[in-house]
Amino acid sequence: MFFEDYHPSIFFRTPQEHLEYQWRKNIQLPLVIPERHARVYVFLEWQEGRDDKELIQGMLYLKADVPFESSGNLSLVRIRAMWGLEKCVPIDPHRRVPFVAANQDYLSPLAVQVLSDKNGVLKLYEPKPSEATFSMREQRMHYVRKYQAETTWLYETAFRKLDAVFSSNMMVVIFVFLIVCMIEVLYIHQSGRLEVLYDAAKLAMV
């Protein structure tokens, strides 16, 4: 599978990018968890003993319904690859402490069931990333922000030019319309004068 050899890279989106995308698209999960899936929340700023209600209310978490593997296990490698995480550790919902699994890459169905809260949500968090990963993310975000700024500038510039062209065209249309109206008025006025002269000529002939 593509995620088996995953490791953080400057070519992959960072967790923060995924979170911003989730906000921007207003991604919602179905009310009912699909069969053979685990509903997963990943907190990026969780600390041991911390109540996650504030993080949930602030939408400071990644979320998805992740399919179980054919073996029945839940792949933490898949979850790391989905969101560009260096590590992800389950949270014991009862004691609010990290759960140290025997296998750092997979959770058994029983472990998922035990670690899920009353709503069936398995909560994970990313521990503090290594200096190398942190530096790589900083570098990537620098390029991403620069690209976004340049794209926004190009869009706004193009929009202003189109608006100027549209405004110019509208002025031309209005000008032509006024000319047509003036011609129409002059024509009506001239027609009125001709009718008066015609009536006067008829009276003179009587």
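Here are four short exercises on the structure above, each with a worked solution.

The model is predicted: local features need pLDDT of at least 70, side-chain atom pairs count only at pLDDT 80 or more, and totals for chains, interfaces and linings use all residues. Residues are numbered from 1 along each chain as its sequence is written, and side-chain values use heavy atoms, leaving out hydrogens and water.

**Exercise 1. The sheet**

Work out the strand order of the open sheet and find which strands stand at its edges.

*Solution.*
- Start with the terms: strands (E, at least two residues) and helices (H or I, at least four) are DSSP runs numbered from the N terminus. Two strands pair if DSSP finds at least two bridges between them.
- The open sheet has 5 strands in the order 2-1-7-4-5, and the pairing is mixed.
- Strand 2 and strand 5 are the edges: each has a single partner strand, so one side of each lacks a neighbour in the sheet.
- Now walk through some pairs. Strand 1 and strand 2 run antiparallel over 7 bridges, with Phe 43 opposite Tyr 61 in strand 2.
- Strand 4 and strand 7 (residues 121-125) are antiparallel too, over 2 bridges. Here Pro 90 sits opposite Leu 124 in strand 7.
- Then add helix 3 (residues 76-83), which packs on the sheet and touches strand 1 (37-43), strand 2 and strand 7. Contact means heavy atoms within 4.5 Å.
- The direction of helix 3 makes about 135° with that of strand 2. Axes are lines fitted to C-alpha atoms, for helices over the stretch in contact, and angles run from 0 to 180 degrees between N-to-C directions.

**Exercise 2. Buried or exposed?**

Decide how covered strand 2 is, then classify Arg 140.

*Solution.*
- The cut-offs are: buried under 20% relative accessible area, exposed over 50%, partly exposed in between (1.4 Å probe, protein chains only).
- Strand 2 is mostly covered, with 6 of its 7 residues buried.
- Arg 140, found in helix 5, has a relative accessibility of 14%, so Arg 140 counts as buried.
- To see its surroundings, skip neighbours within four places in sequence: Arg 140 then contacts Ile 10, Phe 11, Phe 12, Arg 13, Thr 14 and Glu 17.

**Exercise 3. Positive phi**

Locate Met 59 and Arg 96, and check the phi of each.

*Solution.*
- Keep the background in mind: most residues other than glycine have a negative phi.
- Met 59 has a positive phi of about 55°. Its place is the loop between helix 2 and strand 2 (61-67), and Met 59 is partly exposed at 38%.
- Arg 96 has a positive phi near 55°. It lies in the loop between strand 4 and strand 5 (97-98), and at 38% relative accessibility Arg 96 is partly exposed.

**Exercise 4. The second largest pocket**

Describe the volume and lining of the second largest pocket.

*Solution.*
- A pocket is an open set of points on a 1 Å grid over the protein atoms alone, where a 1.4 Å probe fits, with protein on both sides within 12 Å along at least five of seven lines; lining residues have an atom within 4 Å of a point.
- The second largest pocket holds about 330 Å³ of space.
- Its lining has 14 residues, with Asp 51, Asp 52, Pro 93, Arg 96 and Lys 123 nearest the centre.
- Helix 2 (53-57) and strand 4 (89-92) are the elements giving two or more residues to that lining.
- Sorted by type, the lining of the second largest pocket has 4 nonpolar, 1 polar and 9 charged residues.

Definitions and conventions
Grid points are joined across faces, edges and corners, and a volume is the space filled by probe spheres set on the points. Ala, Val, Leu, Ile, Met, Phe, Trp, Tyr, Cys and Pro count as nonpolar, Asp, Glu, Lys and Arg as charged, and the others, Gly among them, as polar.
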